[in-house]
Amino acid sequence: MSFAENKPAESGTPEQRAQMIVEPLSKLGARYDAAPVFPVESVKLLRDAGLLRSFAPPDAGGDAFPDRHARYASMMDVLRIVGRGDLSVGRLYEGHVNALLLFDWFATTGQLAVLRQQLKEGALFGVWATEPPPGVRLVGADDGWTMEGAKSFATGAGGLSYAIVTAQSSHGPRRLVIAKADEAARTDLSQWRMRGMRATGSGIYDLGGMAVAPDALLGQGGDYDREPDFTTGAWRFTAVQLGGIEALLAETRAAMTMVAREDPLQRAKFADAVVAARSAYLWVRECAARAAAGHQDGPAFARMTRGVVERAALDVMEYASRIIGTRSAIDGQRIDKIIRDLSVYLRQAGPDYAKDQAAIAWIDHDVWGSGDALW
Ligand SMILES: Cc1cc2nc3c(=O)[nH]c(=O)nc-3n(C[C@H](O)[C@H](O)[C@H](O)COP(=O)(O)OP(=O)(O)OC[C@H]3O[C@@H](n4cnc5c(N)ncnc54)[C@H](O)[C@@H]3O)c2cc1C
């Protein structure tokens, strides 16, 4: 079915269109948090706002930006604005944007034409790399490949249209495969009983026996792991997390009692929360700029940014709880939902390793570099 026909007219920049759906995303988010199923209506909001298409390669219908920097600056704002509305939908959207970038970098002309049509039909994509051992393997030969194995933490399992999945080939580095992601029989959400990020439905998706046509292979072996884009790409989830931090700060401000507002001790906590949120913003912004530039120290920046944003989120969560008190923990309150979502979303792969690798890079050389104008 095509979603394009009934779509309202898109107008304004992607950031303006994202801003217009923050409030409805937040309202729907409360509902999908209470009864977690795939957030169909929230995704429809993204689709109707044209945001599923905005960051597609231009040949697949993406918006035109003056240059890569402008595109990444817009991407950063849209990711954080969507994250402000609802972190689960932000995670789904971040996966979609990641997939669009992989198409941009590695797709053939034919694959871009198919993508263009799929996006017209309203397709939502994701990227699934995490897997339980022994991982997903490509078996067979050039005349017919199939996959074996499953993905875990597969955001949107059963609800996305397609996922780009990593699969180990028997000869050479891992490949990327464009796989259908909406098959209920392959989906297992039974273990996704989480405190937060419930609507992401990040369950298990069994790829066993799925046929892989030659045009379902994206790029060449090892493309997914190519640096600096692979590691620097972490900036995108930090942008969504930042949106959650900013939303938490805004909710805290709104919920502050008159007594708290007039108390210098409470104001001092609020000031520290503002500093934490804005400092995280500056790191994410620089990281996005370095990603846009394909900067060689992008990976070190992204690894350090992950820790900065995690620390800021933990601090703002604590300040919000202390400023607002028990009201911050009431079921159904937005502050409670954001804190629960953030506490789960912050758990990303190898945080200690990431910080250590960043430290090694900084010890090795001057990662700040010449400070060339990045924007
Ligand atoms: C909401 C959500 C959605 C997600 N969606 C996706 C998705 O769509 N696609 C996808 O591919 N992935 C997804 N992920 C997975 C994500 O990328 C990470 O793989 C996952 O969150 C890591 O979880 P963990 O904290 O349990 O990791 P672990 O790696 O088990 O880390 C737990 C702790 O163990 C430590 N540790 C781990 N390994 C070592 C080691 N070798 N030596 C020393 N210490 C170690 C870590 O530093 C950390 O402190 C998602 C995760 C979340 C939370």
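In the predicted model, helix H11 passes helix H12 in a left-handed crossing. H11 spans residues 264-293 and H12 spans residues 298-324, and the two helices pack at an angle of about 160 degrees with their axes 9 Å apart. Because angles over 145 degrees count as roughly antiparallel, H11 is roughly antiparallel to H12. The contact of H11 with H12 comprises 17 nonpolar residues, together with four polar and six charged ones.

A second helix pair is formed by H6 and H9, the latter covering residues 235-255; their axes come within 10 Å and cross at roughly 160 degrees. The angle therefore places H6 roughly antiparallel to H9. The crossing of H6 and H9 is right-handed, whereas that of H11 and H12 is left-handed. On the H6 side, the contact is made by Leu-87, Gly-90, Arg-91, Glu-94, Val-97 and Asn-98. The residues contributed by H9 are Arg-236, Phe-237, Val-240, Gly-243 and Gly-244. By class, this contact of H6 with H9 divides into four nonpolar, four polar and three charged residues.

The domain assignment of the chain gives domain 1 (14-123), domain 2 (127-218) and domain 3 (229-361). The C-alpha centres of domain 1 and domain 2 are separated by 21 Å. Across the boundary between these two domains, 19 residues of domain 1 are in contact with 16 residues of domain 2. Helix H2 (22-34), H6 and helix H7 (109-120) each supply at least two residues of the side of domain 1 that touches domain 2. The largest share of that side, nine residues, comes from H6. In terms of residue class, the side of domain 1 that touches domain 2 contains eleven nonpolar, six polar and two charged residues.

Helix H6 also takes part in the surroundings of the ligand. The ligand is surrounded by 22 residues, of which Ala-129, Thr-130, Phe-153, Thr-155 and Ala-349 are the closest. Two or more residues of this shell are given by each of helix H6 (87-106), strand S1 (125-128), strand S4 (150-154), helix H13 (334-345) and helix H14 (351-364). The shell divides into eleven nonpolar, eight polar and three charged residues. At the domain level, domain 2 and domain 3 each provide at least three residues of the shell around the ligand.

Among the closest residues to the ligand, Phe-153 also has an unusual backbone conformation. Phe-153 is found in strand S4 and has a positive phi of about 50 degrees although it is not a glycine. Most residues other than glycine have a negative phi, and most peptide bonds are trans.

Two cis peptide bonds were also identified in the model. One joins Pro-133 and Pro-134, with omega of about 5 degrees. Pro-134 lies in the loop between S1 and strand S2 (137-141), and S1 is one of the elements that give two or more residues to the shell around the ligand. The other cis bond runs from Glu-227 to Pro-228, with omega near 10 degrees. Pro-228 is located in the loop between strand S10 (217-218) and helix H8 (229-232).

How values were computed: Residues numbered from 1 in each chain as written. Predicted model: local features only at pLDDT ≥ 70, side-chain atom pairs only at ≥ 80, totals over all residues. Near = placed C-beta within 6 Å. Helix = DSSP H or I, 4+ residues; strand = E, 2+ residues; numbered from the N terminus. Nonpolar A, V, L, I, M, F, W, Y, C, P; charged D, E, K, R; others polar. Domains from an automatic or database assignment. Axes fitted to C-alpha atoms, helices over the stretch in contact; angles between N-to-C directions. Parallel < 35°, antiparallel > 145°, perpendicular 65-115°, else oblique. Left-handed = near helix turned anticlockwise from the far one by under 90°. Contact = placed C-beta atoms within 7 Å.
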